[in-house]
Amino acid sequence: LLFQNLLQKTLTMMVTMMMIEDDEDDDDSVVKEENGVLVLNDANFDTFTADKDTVLLEFYAPWCGHCKQFAPEYEKIAKTLKENDPPIPVAKIDATAATSLSSRFDVSGYPTIKILKKGQAVDYDGSRTEDAIVAKVKEVSDPNWTPPPEATLVLTQDNFDEVVNGADIILVEFYAPWCGHCKRLAPEYEKAAQELSKRTPPIPLAKVDATA
């Protein structure tokens with residue numbers, strides 16, 4: 001009888017512990033780690049990143065072939081940046097599940113890599129190699145780093161005629177701040193502005209807030 005009571009208590013404790021572990025696994029607010037990469041989602045993102053200076057983010061889709069190919073390289077990046085002084089967190093976000101974050105950061109393709117600097121996202125469009133990404137993250141994490149100025153000119157009623165009439169060729173985008181298509185176009189438009197500004201003579205790209 002004593003043995004049966006001990007066995008019953010042991011089984012009860014084991015079941016209770018398994019239930020607790022299952023609850024923890026189902027808790028999206030807990031930041032988990034997979035092969036050195038932190039797993040963030042809509043529930044834990046803001047809490048985790050709130051006090052972080054720099055965080056490397058990858059938005060991926062489980063079915064994305066490019067994401068699967070990139071995964072081993074990203075895990076190496078996580079290991080390297082974890083050994084940095086100070087360590088820099090490396091995280092991944094399933095963009096098909098974390099729809100709020102995907103919308104907030106205007107994610108439209110996979111994988112999308114961003115560097116979060118004091119809560120502000122810095123787009124990364126370089127090579128998907130460990131050396132290139134680690135170098136860029138370390139550059140952005142420098143306390144003296146500041147974002148480069150926009151190459152896209154901002155036009156208003158006050159300067160529109162002067163700027164447009166003074167240019168031989170100019171491309172002007174009329175946008176709305178709330179427009180999803182405009183938000184998705186913005187990084188590509190800025191990249192085009194940077195490229196065309198290097199031409200001789202440069203070709204300016206400009207934007208106008210059509211709601212203002």
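1. Let's start with a lysine that is tucked away: K207 has a relative accessibility of 18%, so it counts as buried, the cut-off being under 20%. One thing to keep in mind while reading on is that this is a predicted model.

2. What does K207 pair with? Its partner is E150, and the two form a salt bridge in which the closest N and O atoms are 3.3 Å apart. This pair ties together distant parts of the chain, with the two positions 57 residues apart in numbering: E150 sits in the loop between α5 (130–141) and β7 (153–155), while K207 belongs to strand β9 (residues 205–209).

3. Stay on strand β9 for a moment, because D209 lies there too. D209 has a relative accessible area of 22%, so it falls in the partly exposed class, just as the 20% cut-off would have it. Its side chain makes a polar contact of 2.6 Å with that of T211. Setting aside neighbours within four places in sequence, D209 is in contact with Y175 and P177. There is also T156 to look at: D209 and T156 are 53 residues apart in sequence, yet their C-alpha atoms are 7.7 Å apart in space.

4. How many salt bridges are there overall? A search of the whole structure turns up 13. Besides the E150 and K207 pair, a few others are worth finding on screen.

5. Try helix α7 (residues 180–196), which holds both E188 and K191. Their side chains meet in a salt bridge, at 3.1 Å from N to O. The two are 3 residues apart in this helix, which means that about one helical turn separates them. Are they buried or exposed? Neither, quite: E188 is partly exposed at 43% relative accessibility, and K191 is also partly exposed, at 29%.

6. Helix α3 (residues 65–82) has a pair with this kind of spacing: E73 and K76 are 3 residues apart there, about one turn of the helix. They form a salt bridge too, with 3.3 Å between the closest N and O atoms. K76 has a relative accessible area of 42%, so it is classed as partly exposed.

7. Not every salt bridge here is a simple pair. D53, K117 and K118 are linked in a network of salt bridges.

8. Now the cysteines. How many disulfides does the structure hold? The count is 0. For background, a disulfide is a covalent bond between the sulfur atoms of two cysteines. Two of the cysteines to look up are C67, which is buried with a relative accessible area of 5%, and C179, which counts as buried at 14% relative accessibility.

9. Finally, have a look at the largest pocket, which offers about 1400 Å³ of space. Its lining is made up of 42 residues, and those nearest its centre are K114, A121, V122, D123 and P187.

10. Which elements build that lining? At least two residues of it come from each of β5 (112–117), β6 (120–123), β8 (171–175) and α7. The largest share belongs to α7, with 10 residues. That is the helix of the E188 and K191 pair, so following α7 along is a handy way to get from the salt bridges in point 5 to the pocket.

Note on methods: Residues are numbered from 1 along each chain as its sequence is written. This is a predicted model: local features need pLDDT of at least 70, side-chain atom pairs count only at pLDDT 80 or more; totals for chains, interfaces and linings use all residues. Side-chain values use heavy atoms; hydrogens and water are left out. A disulfide is a pair of cysteine sulfur atoms within 2.5 Å. Buried means under 20% relative accessible area, exposed over 50%, partly exposed in between (1.4 Å probe, protein chains only). A salt bridge is a side-chain nitrogen of Lys or Arg within 4 Å of a carboxyl oxygen of Asp or Glu. Helices (H or I, at least four residues) and strands (E, at least two) are DSSP runs, numbered from the N terminus. Contact means heavy atoms within 4.5 Å. A polar contact is a pair of N or O atoms within 3.5 Å; within protein, one must be able to donate a hydrogen and the other to accept it, and residues adjacent in sequence count only if both atoms are side-chain atoms. On a 1 Å grid over the protein atoms alone, a cavity is a set of points where a 1.4 Å probe fits but cannot get out, and a pocket is an open set with protein on both sides within 12 Å along at least five of seven lines; lining residues have an atom within 4 Å of a point. Grid points are joined across faces, edges and corners, and a volume is the space filled by probe spheres set on the points.
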